[in-house]
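Open the model in your viewer and keep the sequence panel visible. The stops below go from a helix to the strands beside it, then to the charged side chains.

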Amino acid sequence: MKTIVAILLSCAALCCAQESTTPQQEPPAANVKRLQSVTWDLATHKLIWIVEKGSVVDGEFVPQTKVKYEVAPDEAFMAYAGEKRPVSEEEAASLHHLLDTLSLYCVESVVWWDHSGEPASPEPTRTKPQPTPASKTVKVAAKMQ
């Protein structure tokens with residue numbers, strides 16, 4: 001009896017092992033989204049970004065539609081497709097701090113540019129920039145739509 005149980009357990013383990021080595025199928029290419037642009041509008045105090053929806057054809061992203069999202073940290077809401085949802089005061093304050101830091105960087109960079117005239121490093125290196133997470137194409141699960 002113990003031998004039969006051991007054989008059954010071994011067979012079950014082998015079946016599971018075979019299933020896990022099977023390559024997983026790619027989700028449909030139509031579920032691909034890409035972040036196109038991000039804008040911090042100081043006049044309205046809103047962070048606005050555009051997401052392109054599309055597909056991958058021959059390894060290249062082909063956009064089909066664009067959608068706009070926005071967050072207003074002063075008013076503590078996020079909006080998409082005409083619907084507004086509140087965000088926590090803590091999230092709004094954290095985002096505001098991040099955007100203030102970005103704004104300060106921009107101002108300081110303009111001052112540096114206007115007054116320095118020298119490159120930031122004596123010999124700038126020319127290397128191909130690595131893609132940031134914001135510029136990568138992301139496949140979105142059907143549940144997320």
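The expected span of a helix is 1.5 Å times one less than its number of residues. This is a predicted model, and the helix to try that rule on is α2.

**Stop 1: the helix.** Select α2, residues 89–115. The helix has 27 residues, and the distance from its first C-alpha to its last is 39 Å, close to the 39 Å expected. Now colour Ala-92, Leu-95, Leu-99 and Ser-103, which are buried in α2. What lies over these buried residues? The cover includes β1, β2 and β3.

**Stop 2: the nonpolar core.** Show the side chains of Trp-40, Leu-47, Trp-49, Val-51, Val-67, Tyr-69, Val-71, Leu-95 and Leu-99; together these nine residues form the largest nonpolar core. Elements that each give at least two residues to this core are β2, β3 and α2. Two of the helix residues from the previous stop, Leu-95 and Leu-99, belong to the core.

**Stop 3: the strand pair.** Select β1 (residues 32–41) and β2 (residues 46–57). How do β1 and β2 run relative to each other, parallel or antiparallel? They are antiparallel, and nine bridges join them. Click on Trp-40 and look across to β2, where its bridge partner is Leu-47. Both Trp-40 and Leu-47 are also members of the core. Then go to the turn of this hairpin: four residues lie between the strands, and His-45 has a positive phi near 55 degrees.

**Stop 4: Val-51 and Thr-65.** Select Val-51, one of the core residues. Leaving out residues up to four places away in sequence, Val-51 touches Lys-33, Arg-34, Leu-35, Gln-36, Thr-65, Lys-66, Val-67 and Tyr-69. Move from there to Thr-65, which is in strand β3. With a relative accessible area of 41%, Thr-65 is partly exposed. Not counting neighbours within four places in sequence, Thr-65 contacts Val-51, Glu-52 and Lys-53. Draw a distance from the C-alpha of Thr-65 to that of Gly-54: the two residues are 11 apart along the chain, and the atoms are separated by 6.7 Å.

**Stop 5: the salt bridges.** Side chains of opposite charge can pair when their charged atoms come close. How many salt bridges are there in this model? The count is four.

Begin with Glu-52 and Arg-34, whose side chains form a salt bridge with an N to O distance of 2.8 Å. Glu-52 sits in β2 and Arg-34 in β1, 18 residues apart, so the pair links distant parts of the chain. Is Glu-52 buried or exposed? Glu-52 is buried because its relative accessible area is 4%, under the 20% cut-off. Arg-34, at 26%, is partly exposed.

Next, select Glu-70 and Lys-68, which meet in a salt bridge at 3.7 Å, N to O. Glu-70 is buried, at 11% relative accessible area, while Lys-68 is partly exposed at 45%. Add Lys-46 to the selection: Lys-46, Lys-68 and Glu-70 are linked in a network of salt bridges.

Finish with Glu-83 and Arg-85, whose side chains meet in a salt bridge at 2.9 Å, N to O. Glu-83 is partly exposed, at 41% relative accessibility. Arg-85 counts as exposed because its value is 54%, over the 50% cut-off.

Conventions
Residues are numbered from 1 along each chain as its sequence is written. This is a predicted model: local features need pLDDT of at least 70, side-chain atom pairs count only at pLDDT 80 or more; totals for chains, interfaces and linings use all residues. Side-chain values use heavy atoms; hydrogens and water are left out. Buried means under 20% relative accessible area, exposed over 50%, partly exposed in between (1.4 Å probe, protein chains only). A nonpolar core is a set of buried Ala, Val, Leu, Ile, Met, Phe, Trp, Tyr and Cys residues joined through side-chain atoms within 4.5 Å. Contact means heavy atoms within 4.5 Å. Two strands pair if DSSP finds at least two bridges between them.
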